[in-house]
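Let's take a walk through this protein together, starting with some basic vocabulary and ending up in its sheet and its helix pairs. Have a look at the model first.

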Amino acid sequence: LISVCDLAVEASTAWREGKLEEALAHFDRLAKFDEKSSLWPLSVITLRRELNLDISTALESAVERFPKDLRLRLLWAEHRAAAGNKAEALKDAKRLRARGGFGSSDAQRMISLLSTLGEPDYNPPIEVPKIVIKTPPPPGARRPPPPEPEEPQTTAASAAKAAAATATTTTSTAASEPAKSAEAPAAKAAAPASKAGATTTSSGEMFVSKENLTQILNGEQVRKWAAVKIRCEELLKEGMNTQVALCLARTNLYIRKPEETMLLLRKKYPSLLKDNSTKAEALGLLATALEQDKDWEEAASTWEELMKIAPKKQPKPDKHPIDGVPPPGGLSVVDVQGRCAKAFFLAGETQTAGNIAQPLLQRAEMQREACEVGCSLLLDRGDTTLALQIMIQCLVRYKDRPAQESKDLVLAVMKRSSVEELVYLLSNQAGHQVPPESIAELVGYIGLITKESGDVLESCRFYRHSMLQAPWHASLCLNLMHTYSIRRDDLPALAWGLQLYDRWAYKKKLPYAKQFVQAFRGENKDAPAFEFTAQSVGGEMQVEEMMAVGFVFLKLLFLGFPCYSLIEKPRVTEVVEGVKPPWLEAVLALKAKEHDISVKAAPLVQRPWVPNEDTKVAIAETEAHHEVLRQLCDVLEQAKGGRALHLTPVRNEHAYFSCIKGILEANVVPTVPPGVSGPPEPIFMVGDSHVLASAWQIVNVSKDPRTPRPYTIVPAVVTGVKIWHLREASTFYTKVCFWERIAAVPAGAPVIFSMGEIDCREGLSRSVAQGRNKDVETAIRKLADVYVEVLKEVRRRLPRSQVFVHPIPMVLGETRVFTLAFNHVLGTMELREKLKKVGAKYLEFEDTLIGGDPLISNQVIDKDQPLLEHLNLDGTHFSPAYVKSHLEPALIEAWAPSSGSGADD
């Protein structure tokens, strides 16, 4: 017997290796074995489409069985559009757009579908005056100005497209023969000869069927680069084929192996750089490889050579560059000129760069790389206003592209200007009035780019100004609260959220908002029932955003102050009337509009693990805080109604709400060991959402019950953290958040790290599918090495702290095979030695699954094997009960035999 999980691994492996028929057969079996999952029919349909098989019956059946699956609904809309039923397809696409909840690639597919169906622009741009640089180009440029884009260009792009359409993948014999005759004998020997029996075209190339070519091009678009690379290399072993070789060159660039692309184009298939039919596309790929290799001078020369022959026609909307890699068919002359200008600029030849970029800035396209060069040159001469105007126009022009594509432009401009200048410029446009909400959204968009680039402090300033422009905007408020919380700036985050809710409660008379703020203030007893409708706030999307703000409220309060007493309650406790949570007065006193961003953050409570000196007051404060959390949960649950928020863009915020609500309902109250005077010392748990289960629980690390040593687990959540994002080369904002949490750990306090579940759920298989790693084992070992390097830096910053590594909870069955493997690697002698060198210890847990945890040597990993009953919470996280049954015993075994809490000598 074979398990569903094992069969899924075989199916995924076959797909990754390009064995589509075998993968289809496996997924067909999976769809029959596991009828409750929509993943299998989705995979079947996707594979059938890649194999050019009919998908109508399978798709219709899947949509009927899983009507809420967004990816199936998107496939259904695309299928209807392809079948000519454009009216129904447009309705479906609009519904999907309104619902949201897509990943970036699916969202781009939806945008492309709407564009194909003729849907008008639904996000009107901000209008700014047309930018014209009147200053003449600097004298003494090294090279003459490039040819104007309007001039006719010689190109063989049409021949390449015709070749792909007829599946011969080569251009006419007349176009390719001269280049072949000029090729050196050594170069001919470098190209593999066609094997006996391989079909060739009239030009001598190996024939590749339309199905094979479509398969690899589709795989390239959906980022299955490992499978594409394997398939291309297999086909090229049979003989040379132009389109396959170019696809392989692009794939090597996607997976950041520029040296392989350069070797392919210069040594293995040099005819690609000589043949008129392929020269333009090959030069673009070579120039991109040189860019990735940081050889800017050579890249500039290559782009300059390409400018003379680049195709004039712009690529189709669905053929934008992916990660800067030119799409099949190459780049337009405008994009080539922009890339050339940037390469010259980074090579230090600013005059040449300016000469190339200037005419591009006067065109409607606002080519992005030309804007980067133009803005930098303008800032060098002190013209901040014009640089900001160009940046604004460029951002509006590319608003439907991923935000990170504009990162270089935004960072270059905003590091030399200010958010105040930007807002002033937008608010004082000559000739027309820009709506405040449009200003707010643009400023918030720049805040998003700066946050994802790691500049969290500056991002906070952008979001603050966006909220000043649009104080009713729930989405901006949500992003502001998230960004503030990265820095542990919880008080101003809550103050901004409270301002939003107060406006809706008392100016718009929204019942949900009124009950929420009353619950927050502890005044919501005996509140009437209410219904939160989309009409009351302008749409379902606004409902989701308003509720997400409430979810973040609950999360910050739960993490910022203990909801259980950390001191032993007296047998007889006097009731202390009128005691409020210790943070409430500070939040109410802080005026969000007047609060400016400072370098020093303002957490909810400075030392929440230290209770009030008055025992009665301390107990009353904790109980008041717990009551606020409970009332907020009641209000949020009532407002939620029957909405499936786990399928919307606010699913992450909703997941935190569900987990915290479950923890409060479980009511696992920590106990202080008898005979302990004073509150326990803190032990910090740093990591992803799995930290929630242990928050504010108490562990006794003493082996001797006569001398208890209790510690309070202080949660230090880094939302969305991946170990991979903590590597030295990363600038992602979760890395900033992680080191903020480490900086807040008092000297000598012990620390537990609980990370890696998101890497196992999202990162490992994706890194293999995209060719970043050759297999899962390599990916896991590379990730474990990154973990060790992170802990090495932690040890440098916390030299006296004990450091423990928490195993990844094996709760989710779908990812159990990865979490089991990762925990196994962390527990091996090799990794234990590495951890020992950096002063860290891996915590050994008892079995967490009924029937025992599976061994890594097992042939079958059962994803349906249930957790031990007392560990169940929400299907994703452990119950707090695991602290006593699993975490505490593991800590006792690993605890250093010294008397203090510092690191083991």
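Before anything else, a word on naming: helices here are DSSP runs of H or I at least four residues long, strands are runs of E at least two long, and both are numbered from the N terminus. One of them is helix H20, which covers residues 384-397 and holds Thr-384. Keep in mind that you're looking at a predicted model.

With that naming in hand, here's the overall count: the protein has 37 helices and six strands. Of its 905 residues, 54% count as buried. If you take the contacts with a separation of 6 or more, 72% of them come from residues 24 or more positions apart.

Let's go back to Thr-384 for a moment. Is Thr-384 buried or exposed? Its relative accessibility is 17%, and buried means under 20%, so Thr-384 counts as buried. Leaving aside residues up to four places away in sequence, Thr-384 touches Leu-379, Ser-417 and Glu-421.

Now for the strands. In what order do the six strands line up? They form an open sheet that reads S2-S3-S1-S4-S5-S6, with mixed pairing. Strand S2 (698-700) and strand S6 (840-842) stand at the edges with a single partner strand each, so one side of each has no neighbour in the sheet. On average, neighbouring strands of this sheet are turned by 30 degrees against each other, direction ignored.

Start at the S2 edge and work your way across. S2 and S3 pair in the antiparallel sense, over three bridges, and Ile-698 sits opposite Thr-712 in S3. Next along, strand S3 (residues 710-717) runs parallel to strand S1 (residues 681-687), and seven bridges join the two. You can pick out individual pairs here: Val-686 stands opposite Ala-716 in S3, while Gly-687 stands opposite Val-717 in S3.

Carry on past S1 and you come to S4, which runs parallel to S1 and is joined to it by four bridges. Val-686 shows up again here, with Phe-753 as its bridge partner in S4. From S4, three bridges lead on to strand S5 (residues 803-805), again with the two running parallel. Ile-752 has Phe-804 as its bridge partner in S5.

What about the two faces of these strands? In a regular strand, side chains alternate between the two faces of the sheet. In S3, Pro-710, Thr-712, Val-714 and Ala-716 point one way and Tyr-711, Ile-713, Pro-715 and Val-717 point the other, and all are buried. That fits the tally for S3, where eight of eight residues are buried. Strand S4 (residues 751-754) is covered on both faces too: Val-751 and Phe-753 lie on one side, Ile-752 and Ser-754 on the other, and all are buried.

Time to turn to helix packing. Two packed helices are described by the angle between their axes and the distance between the axes. Take helix H34 (residues 776-797) and helix H35 (residues 816-827): they pack at an angle of about 50 degrees, with their axes 10 Å apart. That angle makes H34 oblique to H35. H34 passes H35 in a right-handed crossing. On the H34 side the contact is made by Val-776, Ile-780, Arg-781, Leu-783, Ala-784 and Tyr-787, and on the H35 side by Phe-818, Ala-821, Phe-822, Val-825 and Leu-826. Sorted by class, that's ten nonpolar residues, no polar ones and one charged.

Phe-822 of H35 deserves a closer look. Phe-822 is buried, with a relative accessible area of 0%. Not counting residues up to four places away in sequence, Phe-822 touches Ile-723, Cys-760, Ile-780, Leu-783, Ala-784, Tyr-787 and Ile-808. Take Ile-808: it lies 14 residues from Phe-822 along the chain, and their C-alpha atoms are separated by 8.0 Å.

For another helix pair, try helix H23 (residues 436-452) and helix H25 (residues 474-486), which pack at an angle of about 30 degrees with axes 11 Å apart. That makes H23 roughly parallel to H25. H23 passes H25 in a left-handed crossing. Ala-440, Glu-441, Gly-444 and Lys-451 of H23 make the contact with Leu-476, Thr-483 and Ile-486 of H25. By class, the residues of this contact divide into three nonpolar, two polar and two charged.

Notes. Residues are numbered from 1 along each chain as its sequence is written. This is a predicted model: local features need pLDDT of at least 70, side-chain atom pairs count only at pLDDT 80 or more; totals for chains, interfaces and linings use all residues. Side-chain values use heavy atoms; hydrogens and water are left out. Buried means under 20% relative accessible area, exposed over 50%, partly exposed in between (1.4 Å probe, protein chains only). Contact means heavy atoms within 4.5 Å. Axes are lines fitted to C-alpha atoms, for helices over the stretch in contact, and angles run from 0 to 180 degrees between N-to-C directions. Angles under 35 degrees count as roughly parallel, over 145 as roughly antiparallel, 65 to 115 as roughly perpendicular and the rest as oblique. A crossing is left-handed if the near helix is turned anticlockwise from the far one by less than a right angle, and right-handed if clockwise. Ala, Val, Leu, Ile, Met, Phe, Trp, Tyr, Cys and Pro count as nonpolar, Asp, Glu, Lys and Arg as charged, and the others, Gly among them, as polar. Two strands pair if DSSP finds at least two bridges between them.
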